Amino acid sequence: MSRLAQLRALLRWRELRARIGACPFCGPTLLLRLARDELALRCLRCGASAVHLSLGWAIRDRVGALRGLDVCELSARGPLVAFLRREAATASLSEYVEGAAPGEVRGGVRCEDVQHLSYADACFDLCTSTEVLEHVPSDADAFAELRRVLRPGGVLLFTVPLGEQPSTRERARLWEGRVEHLRPPAYHGDPLRPGVGILCYRDYGRDIVDRLRAAGFDRAAILPRDPRVPWGLGREVILASRAPSP
Ligand SMILES: [Zn+2]
């Protein structure tokens, strides 16, 4: 679907709001709220959503200029990817494709499973992802892999749907190669597979920082919603980092 068609599909005229603001990727812009829904907030210039704007501000504030940095992002298209390609020294981009070998290239896109990345140890300064890790059967493996590929001093910034409950609730698990549902299955929309949802393995709670520390990160924190994303639609961003080498 073209960007215009996407915007038109989201639009509810009575809920339409516009505000002059800023985008972490393209600077001064017009921000649109096409409906009363976080998915319907867009930067008019680059099309960034509330999730991308929130992550973008976290990168600007917590990492700063990306010039000279090697960045890994767990997607291969969209406004965040365009920004990373433009600003970072290198941007290693990938998608998860079922059945593809880690590192295999399909249709010009590198395939990676975050539980078994094919990247070398300590080769990135920044890893990012949006709305990926709740769909991964073993987030412990994924967090350990993301820590492995980060250099000392490196930073992981990502978003997942994050609730207010203290503990993460597991919704499903992989058991002997099959999905076992522990709660009624929940699926999220996937832009790569229109009409087909992807299974959500868990509902994260505030203990996500403990899960990151258990995977070996030296520091983990939940960054508050950024007021530069208007209408209260900013998302919390999760930060985890490796201590710099002594
Ligand atoms: Zn923008």
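Visitor: Welcome me in with L126: which residues does L126 touch, not counting residues up to four places away in sequence?
Guide: Gladly, and please keep in mind that this is a predicted model. L126 is found in strand 8. Leaving out residues up to four places away in sequence, L126 touches I59, V63, L66, D70, V71, C72, L150, V155 and L157.

Visitor: Does L126 count as buried or exposed, and at what relative accessibility?
Guide: The cut-off for buried is under 20% relative accessible area. L126 falls below that cut-off and therefore counts as buried, its relative accessibility being 0%.

Visitor: How many Å separate the C-alpha atoms of L126 and C72?
Guide: Along the chain, L126 and C72 are 54 residues apart. C72 is one of the residues that L126 touches. From C-alpha to C-alpha, the separation of L126 and C72 is 6.3 Å.

Visitor: L69 caught my eye; which residues does L69 touch, not counting residues up to four places away in sequence?
Guide: L69 sits in the loop between helix 2 and strand 4. Setting aside residues up to four places away in sequence, L69 touches V63, A88, A89, T90 and D125.

Visitor: How far apart in space are L69 and D125, C-alpha to C-alpha?
Guide: D125 is among the residues that L69 touches. In sequence, L69 and D125 are 56 residues apart. In space, their C-alpha atoms are apart by 5.9 Å.

Visitor: Let us look at the helices: at roughly what angle do the axes of helix 2 and helix 3 cross?
Guide: Two packed helices are described by the angle between their axes and the distance between the axes. Here helix 2 covers residues 50–62 and helix 3 covers residues 79–87. Their axes come within 10 Å and cross at roughly 25 degrees.

Visitor: How are helix 2 and helix 3 oriented to each other, roughly parallel or roughly antiparallel?
Guide: Angles under 35 degrees count as roughly parallel. The axes of helix 2 and helix 3 cross at roughly 25 degrees. Helix 2 and helix 3 are therefore described as roughly parallel.

Visitor: Which residues in helix 3 do H52, L55, I59 and R60 in helix 2 meet?
Guide: I59 is already familiar as one of the residues that L126 touches. On the helix 3 side, H52, L55, I59 and R60 of helix 2 meet P79, L80, F83, L84 and E87.

Visitor: How many nonpolar residues has the contact of helix 2 with helix 3, by class?
Guide: The contact includes L55 and I59 in helix 2, and P79 and F83 in helix 3. By class, the contact has one polar and two charged residues, and the nonpolar residues number six.

Visitor: What do the buried residues of helix 3 pack against?
Guide: The buried residues of helix 3 are P79, L80, V81, F83 and L84. They pack against helix 2, strand 4 (70–73), strand 5 (90–93) and strand 8 (124–130).

Visitor: On to the metal: which residues coordinate the zinc ion?
Guide: In sequence, the donor residues are spaced C-x2-C-x16-C-x2-C. Each donor atom is an SG, at 2.2 to 2.4 Å from the zinc ion. The residues are C23, C26, C43 and C46.

Visitor: What arrangement do the four donor atoms around the zinc ion make?
Guide: Four donors count as tetrahedral if all angles lie between 85 and 135 degrees. The angles subtended by the four donor atoms are 102 to 119 degrees, so the arrangement is tetrahedral.

Visitor: What is the relative accessible area of C43?
Guide: C43 is one of the zinc donors. Another donor, C46, is buried with a relative accessible area of 15%. C43 is buried too, with a relative accessible area of 1%.

Visitor: Which residues does A22 touch, not counting residues up to four places away in sequence?
Guide: A22 is found in strand 1 (residues 17–23), and its relative accessible area of 30% makes it partly exposed. The C-alpha atoms of A22 and W57 are separated by 10.0 Å. Without residues up to four places away in sequence, A22 touches G27, P28, T29, L31 and W57.

Visitor: One for the backbone: what is phi of E176, a residue other than glycine?
Guide: E176 lies in the loop between strand 11 (172–175) and strand 12 (178–181), and it counts as exposed at 75% relative accessibility. Its phi is positive, near 50 degrees.

Definitions and conventions:
Residues are numbered from 1 along each chain as its sequence is written. This is a predicted model: local features need pLDDT of at least 70, side-chain atom pairs count only at pLDDT 80 or more; totals for chains, interfaces and linings use all residues. Side-chain values use heavy atoms; hydrogens and water are left out. Donors are N, O and S atoms within 2.8 Å of the metal (3.2 Å for Na, K and Ca); water is not among the atoms, so sites may look incomplete. Four donors count as tetrahedral if all angles lie between 85 and 135 degrees; four count as square planar and six as octahedral if opposite donors are over 155 degrees apart and all others between 65 and 115; anything else is irregular. Buried means under 20% relative accessible area, exposed over 50%, partly exposed in between (1.4 Å probe, protein chains only). Axes are lines fitted to C-alpha atoms, for helices over the stretch in contact, and angles run from 0 to 180 degrees between N-to-C directions. Helices (H or I, at least four residues) and strands (E, at least two) are DSSP runs, numbered from the N terminus. Angles under 35 degrees count as roughly parallel, over 145 as roughly antiparallel, 65 to 115 as roughly perpendicular and the rest as oblique. Contact means heavy atoms within 4.5 Å. Ala, Val, Leu, Ile, Met, Phe, Trp, Tyr, Cys and Pro count as nonpolar, Asp, Glu, Lys and Arg as charged, and the others, Gly among them, as polar.
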